[in-house]
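Hello,

Here is the structure I promised to pass on. Have a look at it first, and then read on for what turned up in the side chains.

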Amino acid sequence: TIVWRRGGRVAWVVAATSIVVLLPLLMEIEREGQVIETDKLRIKDFKAQGYSDQQIQGMGLTPSVEPAVGLGAAAAEKPLHLQ
């Protein structure tokens with residue numbers, strides 16, 4: 001029963017720490033994804049209204065620069081200096 005008590009305490013500490021650390025992290029990642037999608041929609045709307053990329057960048061949005069990191073990044077894209 002001593003092993004069970006120690007194991008239970010360790011499991012409780014691991015679970016509590018995971019909730020305190022990972023839950024806010026996951027929520028922030030989700031929120032960031034929503035912000036990116038909202039920005040994409042705003043850029044699309046501005047372009048439909050006739051704004052140029054330079055004007056949109058002046059508003060603080062970056063229409064022509066998309067991050068290319070992670071598993072979803074296209075491997076076949078040319079680097080910017082080769083385009």
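**Side-chain contacts**

D39 is partly exposed, with a relative accessible area of 26%. Please keep in mind that this is a predicted model.

D39 has a salt-bridge partner in R42, with N and O 3.8 Å apart. Both residues belong to helix α1, where three residues, about one turn of the helix, lie between one position and the other. R42 is partly exposed too, at 40% relative accessible area.

A search of the whole structure gives four salt bridges, and the R42–D39 contact is one of them. Another joins K40 to E37, whose closest N and O atoms are 3.9 Å apart. K40 and E37 are three residues apart in helix α1 (residues 2–48), so about one helical turn separates them. On accessibility, K40 comes out at 38%, partly exposed, and E37 at 45%, also partly exposed.

K47 and D53 form a salt bridge as well, at 3.4 Å from N to O. K47 has a relative accessible area of 41% and D53 one of 32%; K47 is therefore partly exposed, and so is D53.

Now for the rings: how many aromatic pairs does a search of the whole structure find? There is one. F46 and Y51 meet edge-to-face, with 5.2 Å between the centres and 70° between the planes. Is F46 buried or exposed? F46 counts as buried because its relative accessibility is 17%, below the 20% cut-off. Its partner Y51 is partly exposed, with 33% relative accessible area.

Best wishes

Notes
Residues are numbered from 1 along each chain as its sequence is written. This is a predicted model: local features need pLDDT of at least 70, side-chain atom pairs count only at pLDDT 80 or more; totals for chains, interfaces and linings use all residues. Side-chain values use heavy atoms; hydrogens and water are left out. Rings of Phe, Tyr and Trp (its six-membered ring) pair if their centres lie within 6.5 Å; planes under 30 degrees apart count as stacked, over 60 as edge-to-face and the rest as tilted. Buried means under 20% relative accessible area, exposed over 50%, partly exposed in between (1.4 Å probe, protein chains only). A salt bridge is a side-chain nitrogen of Lys or Arg within 4 Å of a carboxyl oxygen of Asp or Glu. Helices (H or I, at least four residues) and strands (E, at least two) are DSSP runs, numbered from the N terminus.
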